[in-house]
Amino acid sequence: MELMKIIDNAYLLPLGTANAVLLDSGSELALVDAGFPGKVSVVLDAIRQLGRNPHDLRHLIFTHHHPDHIGSAAAIVQETGAITYMHPIDAPIAETGGPFRPMRPAPGLMERIAYRFFWRRHERMEPVSIDRHITEGDTLPIAGGLQVIHTPGHCAGQIALLWQGERMLIAGDVGMNILGLGDPLGFENMEEGRRSQRKIAALRFDAVAFGHGRSIRSGASDRIRRKWAAR
Ligand SMILES: [Zn+2]
Ligand SMILES: [Zn+2]
């Protein structure tokens with residue numbers, strides 16, 4: 001697999017139909033999300049392509065507990081010894097391997113079909129233990145600084161991460177960018193999800209990476225503001 005650079009020192013790893021983001025701070029590596037199960041070799045391969053070894057991956061941060069974001073987590077921890085981070089609302093579910101909180105499909109026919117197709121197949125996961133709880137307002141001293149922004153709605157314990165001031169937002173599933181910017185497949189609470197989209201639209205950042213779909217490399221917050229500010 002060829003490493004897909006988003007911006008300098010940030011790479012997108014497609015792990016199934018879900019993305020992870022690998023950050024390289026020079027001294028250590030951090031990974032945000034862990035894709036579907038069976039993807040540990042993709043992560044290790046990416047680490048080697050950066051000229052590093054698995055133990056350089058020190059931090060594994062999760063945007064939320066869904067199976068497409070923690071699927072390979074236990075295997076990655078086993079290979080790298082990375083410390084794991086998750087919001088306290090979601091952590092107990094990741095630690096038991098589910099069951100996951102119910103969601104409803106986002107509005108729209110395509111969303112309903114995609115939701116059915118996608119969601120049923122991955123209902124239980126290998127549990128992963130969470131070392132640190134992270135909440136709104138935390139700034140993690142990782143890879144030059146990761147600011148935690150609580151973005152509930154798709155999932156009550158979801159967070160986004162603002163990297164190195166305003167360089168890049170790692171958005172998780174607050175929205176997707178598959179057929180243009182849109183909703184995630186489903187919501188636990190749609191009103192809360194809309195509020196989180198507005199919260200993201202009020203931030204400034206150059207680039208954005210989503211859990212699903214394409215990243216935007218520059219001018220990202222302007223595009224998101226146009227789409228989500230008036231939700
Ligand atoms: Zn999700
Ligand atoms: Zn997802």
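1. The zinc ion (ligand 2) is coordinated at 2.1 Å by D68 (OD), H69 (NE2), D173 (OD) and H212 (NE2). Donors here are N, O and S atoms within 2.8 Å of the metal (3.2 Å for Na, K and Ca), and water is not among the atoms, so sites may look incomplete. Along the chain these donors follow the spacing D-H-x103-D-x38-H.

2. On conventions: this is a predicted model, in which local features need pLDDT of at least 70, side-chain atom pairs count only at pLDDT 80 or more, and totals for chains, interfaces and linings use all residues. Residues are numbered from 1 along each chain as its sequence is written, chains are lettered from A and ligands numbered from 1 in the order in which they are written, and side-chain values use heavy atoms, with hydrogens and water left out.

3. The geometry at the zinc ion (ligand 2) is irregular because its four donor atoms subtend angles of 86 to 159 degrees. Four donors count as tetrahedral if all angles lie between 85 and 135 degrees; four count as square planar and six as octahedral if opposite donors are over 155 degrees apart and all others between 65 and 115; anything else is irregular. For reference, ideal angles at a metal are 109.5 degrees for four tetrahedral donors, and 90 or 180 degrees for six octahedral ones.

4. The zinc ion (ligand 1) has as protein donors H64 (NE2), H66 (ND1), H154 (NE2) and D173 (OD), at 2.1 to 2.5 Å. This site is likewise classed as irregular, with angles of 89 to 176 degrees among its four donor atoms. The sequence spacing of its donor residues is H-x1-H-x87-H-x18-D. D173 bridges the zinc ion (ligand 1) and the zinc ion (ligand 2), which lie 3.3 Å apart.

5. Several of the donors are buried, a term that means under 20% relative accessible area, with exposed over 50% and partly exposed in between (1.4 Å probe, protein chains only). At the zinc ion (ligand 1), H64 counts as buried at 0% relative accessibility, and H66 counts as buried at 0%. At the zinc ion (ligand 2), D68 is buried at 2% and H69 at 0%.

6. Strand β3 (residues 18–24) is mostly covered, with seven of its seven residues buried. Helices (H or I, at least four residues) and strands (E, at least two) are DSSP runs, numbered from the N terminus. On one side of β3 the buried residues are A18, A20, L22 and D24, and on the other N19, V21 and L23.

7. Strand β3 has pairing partners in β2 and β4; two strands pair if DSSP finds at least two bridges between them. Strand β2 (residues 10–15) pairs with β3 in the antiparallel sense over six bridges, and L15 stands opposite A18. Their hairpin has two residues between the strands, and G16 in the turn has a positive phi of about 80 degrees. Strand β4 (residues 29–32) pairs with β3 in the antiparallel sense over four bridges, with D24 opposite L29. In that hairpin, which has four residues between the strands, G26 takes a positive phi near 95 degrees.

8. An open sheet of five strands has the order β9-β10-β11-β12-β16 and mixed pairing. Its edge strands, β9 (139–140) and β16 (207–209), each pair on one side only. Strand β11 (residues 159–163) is largely enclosed by the rest of the structure, because five of its five residues are buried. I159, L161 and W163 lie on one side of β11, and A160 and L162 on the other.

9. Within this sheet, β10 (residues 146–150) and β11 run antiparallel and are joined by five bridges, with I149 opposite A160. Three bridges join β11 to β12, also antiparallel, and W163 has M168 as its bridge partner in β12. Q164, in the hairpin of β11 and β12, takes a positive phi near 50 degrees. Strand β12 (residues 168–170) and β16 pair in the parallel sense over three bridges; here M168 stands opposite A207.

10. D183 is found in the loop between β14 (181–182) and β15 (186–187). D183 is buried, with a relative accessible area of 11%. The C-alpha atoms of D183 and G193, 10 residues apart along the chain, are separated by 8.8 Å.

11. M110 lies in helix α5 (residues 109–119) and counts as exposed at 54% relative accessibility.
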